[in-house]
Amino acid sequence: MGAYDCSIFPVKDALEMIIIFDRTGKISYANDAADRKLEYGGELCGRSICDVFANDFKSAENGFETEYPFGHEPKNLVAYRRNLTCFPVEARIVSSETEPDIYICMANDIHEKEYLSREIAQVKQDAEQAMKVKSEFVANVTHELRTPVNGVLGNVRELLDRELDEQTEKSLQLIERCCGDMNKIINNILDFSKLEAGKFTLEPRRFHFRNMMDYVKGQHINKITEKGLTFFMTVSPQIPEYVIGDELRIVQVLNNLLSNALKFTAVGKVTVEVLKTAQVNDKIELFFLVIDTGIGIDKSDEDKLFQSFSQVDASISRKYGGTGLGLNICKQLVELMGGRIGVESQTGKGSAFSFSIWVGVSGEEEEVSQKMDVVAQNLLGNEDEGDIRRYGTPENMDALKRNLSKLILCVEMDNWEKAEMFMDTVKQLTEGAPREIGRVMLRLKMAIQKANYDKVIAEYEELQTFL
Ligand code: ADP
């Protein structure tokens, strides 16, 4: 190949023309693109650079003369083919760092570059157009599907109101369930195509936060009972009564996570926990946790979960159904609400999905929320906080419930040390409480010390009846 070893460069098949020449102008290497475009049929090596750039490189006694300013700045030159026809190129010619008498020329055919840019722009435009057509098609089809499904659903419900024999009633209930499932899939596809097309907008309004959580619980209570699962839901008292956000979409994310938790859990429990994790002016960050004791997810599959159409494996979709769109929609919705979604899981033990979102609080609610924060911060750190320490006052009850929910969260997460810490606080908050509460407290404390999960839950439930 001559004086300069080119094998170290991945240049042979490069689209750019690459020519290496020496001080005498003699070409020692030309890659395939250079040889092909300059039409030398494999014979460019050995020629002079003055043949290629005849206008700018002139033969001289000891090689060539040129006014070309060597360097990395691209310059326009005219390249001559073997048959003396020519075309414009954009070229950079630099001298080798290791061997100063060796020059490396990298050149692009300007016409070809422009043509390629136009082609790329066209392909991009075609792809965007195809995407638009596809989104419109999906939106139309799903819309058209919804009408007959709702027609069937309406009629089935009407029939179900009549006097029916057992078998007919069962069949109709099955049809009703199938229509419900089809509607869910249709809605998922519609949401997905809107989100993908960037046409999705949130509709925030003021709503009662705990009512929303009760509504979510109500939607799943039948399934929970049917499967015989234990269910806990705790909402931190620091969260104001009313918040401003897109209630429908928050419910959608929670419903998706809860349906999955119930779908993939055969025995044990499902827990939902909501905490307030930050406040900036009139915005608060809410942190939701949905924990189950189900089949769990393999570490290597966790990343795939939030991608569209992704189910952990085909056998799971055969056994449990679903489209694999739910979590991707959740991710996109949560991100639209300024938050993030994630999962921690262990195969065979269960999964903990969590997500955060930002919601607004109105002036009045903001004051309440901040007051609750102060109460929480001062808790037991200030002797004057008599109302918190006095059992039965609203402040005491709020603090008690909040600490109890944190205690249970720690137990759920197997963090017994931290649970004991919360137990101490809870114990102090119940000083002066009726004797039966004192007894439950004692048993709860012992159960925590022994890290006995079932016992803790039983005592916690008993405590709830007193509070
Ligand atoms: P699908 O509608 O198919 O359930 P999702 O996006 O909601 O779609 O979930 C995708 C996949 O993630 C599920 O098919 C399942 O493999 C896995 N998955 C989601 N939630 C859980 C969970 N709580 N426990 C175990 N696997 C889960």
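In helix α14 of this predicted model, the residues I437, V440, M441, L444, A447 and I448 are buried. Viewed down the helix axis, the buried residues of α14 fall within an arc of 130°, so they line one face of the helix. An α-helix has 3.6 residues a turn, so residues three or four places apart point the same way. Helix α14 spans residues 435-449 and has 15 residues. From first C-alpha to last, α14 reaches 21 Å, close to the 21 Å expected at 1.5 Å a residue.

One of the buried residues of α14, M441, has a spatial partner in another helix. The C-alpha atoms of M441 and V426 are 8.4 Å apart, with the two positions 15 residues apart in sequence numbering. V426 belongs to helix α13, residues 416-429. The relative accessible area of V426 is 0%, so V426 counts as buried.

Salt bridges were examined next. Side chains of opposite charge can pair when their charged atoms come close. The structure contains 18 salt bridges. One of them joins R92 to E16, with the closest N and O atoms 2.8 Å apart. R92 sits in strand β6 (residues 86-95), whereas E16 sits in the segment before β1 (17-22), so the pair ties together parts 76 residues apart in sequence. The two partners fall in separate accessibility classes: R92 is partly exposed at 25%, and E16 is buried at 18%. The value for E16 is under the 20% cut-off, which means that E16 is classed as buried.

A salt bridge also links the side chains of R205 and E247, at 2.6 Å from N to O. R205 lies in strand β8 (residues 205-208) and E247 in helix α6 (residues 247-263), so this pair connects parts 42 residues apart in sequence. R205 is partly exposed, with a relative accessible area of 47%.

The pair D301 and K304 forms a salt bridge as well, with its closest N and O atoms 3.1 Å apart. D301 is buried at a relative accessible area of 12%. K304 is partly exposed at 34%. Elsewhere, R443, K455, E459 and E462 are linked in a network of salt bridges. The number of R443 falls within the range of helix α14, residues 435-449.

Cysteine pairing gave a negative result. The structure holds zero disulfides. C178 is in no disulfide, and the nearest cysteine sulfur, that of C179, is 7.0 Å away. A disulfide requires sulfur atoms within 2.5 Å, so the 7.0 Å separation does not qualify. C178 is partly exposed, with a relative accessibility of 39%. C50, by contrast, is buried, with a relative accessible area of 7%.

At the surface, Y115, L116 and I120 make a nonpolar patch of about 310 Å². Y115 lies in helix α3, which covers residues 110-160. The relative accessible area of Y115 is 45%, so Y115 is partly exposed.

Backbone geometry was then considered at two loop positions. Most residues other than glycine have a negative phi, and most peptide bonds are trans. L84 has a phi near 70°, a positive value in a residue other than glycine. L84 is placed in the loop between β5 (71-80) and β6. At 65% relative accessibility, L84 counts as exposed. N281 also has a positive phi, near 50°, and is a residue other than glycine. The loop that holds N281 runs between β11 (269-280) and β12 (283-292). N281 is exposed, at 58% relative accessibility.

A further loop residue, E61, lies between β3 (57-60) and β4 (63-66). E61 is exposed, with a relative accessible area of 81%. The C-alpha atom of E61 is 8.9 Å from that of T24, although the two residues are 37 residues apart along the chain.

Conventions
Residues are numbered from 1 along each chain as its sequence is written. This is a predicted model: local features need pLDDT of at least 70, side-chain atom pairs count only at pLDDT 80 or more; totals for chains, interfaces and linings use all residues. Side-chain values use heavy atoms; hydrogens and water are left out. A salt bridge is a side-chain nitrogen of Lys or Arg within 4 Å of a carboxyl oxygen of Asp or Glu. Helices (H or I, at least four residues) and strands (E, at least two) are DSSP runs, numbered from the N terminus. Buried means under 20% relative accessible area, exposed over 50%, partly exposed in between (1.4 Å probe, protein chains only). Patches are made of residues with over 30% relative accessible area and no salt bridge: like charges are joined within 9 Å, nonpolar side chains (Val, Leu, Ile, Met, Phe, Trp, Tyr) within 5 Å. Accessible areas come from the Shrake-Rupley method with a 1.4 Å probe; for residues, only the protein chains shown count as cover. The expected span of a helix is 1.5 Å times one less than its number of residues. The arc is that of the directions from the helix axis to the C-beta atoms.
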